[in-house]
Amino acid sequence: MGIKFHIVKAQAKDLPEVHAIEKQSFPDPWSLKLFEELLANPSQALYVAQKENEMKENEVLGYVAFWKILDEGHILNLCVDPQHMKQGIGSQLLQFCLDAYVSQAVTLFSLEVRTSNIAAQRLYQKFGFEIKYIRKNYYPNHEDALIMIKRCQFPLA
Ligand SMILES: CC(C)(COP(=O)(O)OP(=O)(O)OC[C@H]1O[C@@H](n2cnc3c(N)ncnc32)[C@H](O)[C@@H]1OP(=O)(O)O)[C@@H](O)C(=O)NCCC(=O)NCCS
């Protein structure tokens with residue numbers, strides 16, 4: 001049976017765990033301060049997947065950050081604890097983000113992903129994202145970013 005978790009709005013107390021996962025997962029991790037700013041900004045959203053039925057409170061398994069400008073949703077960050085990958089958590093976080101904008105007239109979702117990040121590209125393609133552009137030298141180590149886009153009918157299909 002798969003791991004049981006629920007997705008909830010992140011709180012300040014979740015940020016140390018979020019940041020610990022971030023540091024394990026990216027060569028150029030976001031700072032804790034950046035996550036704090038995200039929480040403080042009402043136009044941005046940070047949600048965490050939390051493990052259910054655990055004695056230990058607040059076990060964060062993954063998180064997603066996103067925001068909306070006009071009719072465009074943008075995925076800012078999506079990450080799953082390396083110990084809990086390949087159990088559907090990334091998919092559910094991504095689906096949660098797409099669902100969050102149902103009925104808000106979002107017609108397009110976009111995101112950037114490293115050219116080397118095949119796992120993430122596969123995930124996004126599974127959800128209907130297509131590679132549209134390359135942004136050269138986008139990342140601090142000069143790696144290129146692929147811009148992936150999902151166009152949506154309104155309401156979201
Ligand atoms: C990308 C990431 C979020 C996927 O999370 P996850 O919980 O492991 O993903 P899921 O279990 O929901 O997998 C869904 C799909 O993603 C793809 N996928 C996930 N891991 C993969 C891997 N290692 N290799 C290839 N495809 C992979 C597959 O298409 C998979 O579908 P399948 O199980 O039917 O094959 C996770 O690998 C991660 O956090 N990576 C580090 C951070 C990161 O790169 N974030 C994205 C930044 S743009």
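These legends walk through a predicted model, one view at a time. Residues are numbered from 1 along each chain as its sequence is written. In this predicted model, local features need pLDDT of at least 70 and side-chain atom pairs count only at pLDDT 80 or more, while totals for chains, interfaces and linings use all residues.

**View 1. The whole chain, with its four helices and seven strands.** Helices (H or I, at least four residues) and strands (E, at least two) are DSSP runs, numbered from the N terminus. Follow the sequence and you will meet the pattern β-α-α-β-β-β-α-β-α-β-β. The C-alpha atoms fill a box of roughly 45 × 40 × 35 Å along the principal axes.

**View 2. The largest nonpolar core, a set of 35 residues.** Such a core joins buried Ala, Val, Leu, Ile, Met, Phe, Trp, Tyr and Cys residues through C-beta atoms within 7 Å; buried means that 20 or more other C-beta atoms lie within 10 Å of a residue's own, with C-beta atoms placed from the backbone. Look for V18, Y63, V64 and L93, which touch the most other members. Strand β3 (residues 60–69) gives the largest share, six residues.

**View 3. The surroundings of V64.** Leaving aside neighbours within four places in sequence, V64 is in contact (C-beta atoms, placed from the backbone, within 7 Å) with Y47, I75, N77, L78, L93, L94, F96 and C97.

**View 4. The ligand and the 19 residues around it.** A residue is near the ligand if its C-beta atom, placed from the backbone, lies within 6 Å of it. The closest are M85, G90, S91, A119 and L123. Helix α4 gives the most to this shell, with six residues.

How values were computed: A residue is buried if 20 or more other C-beta atoms lie within 10 Å of its own, exposed if 12 or fewer, and partly exposed in between; C-beta atoms are placed from the backbone. Two residues are in contact if their C-beta atoms, placed from the backbone, lie within 7 Å.
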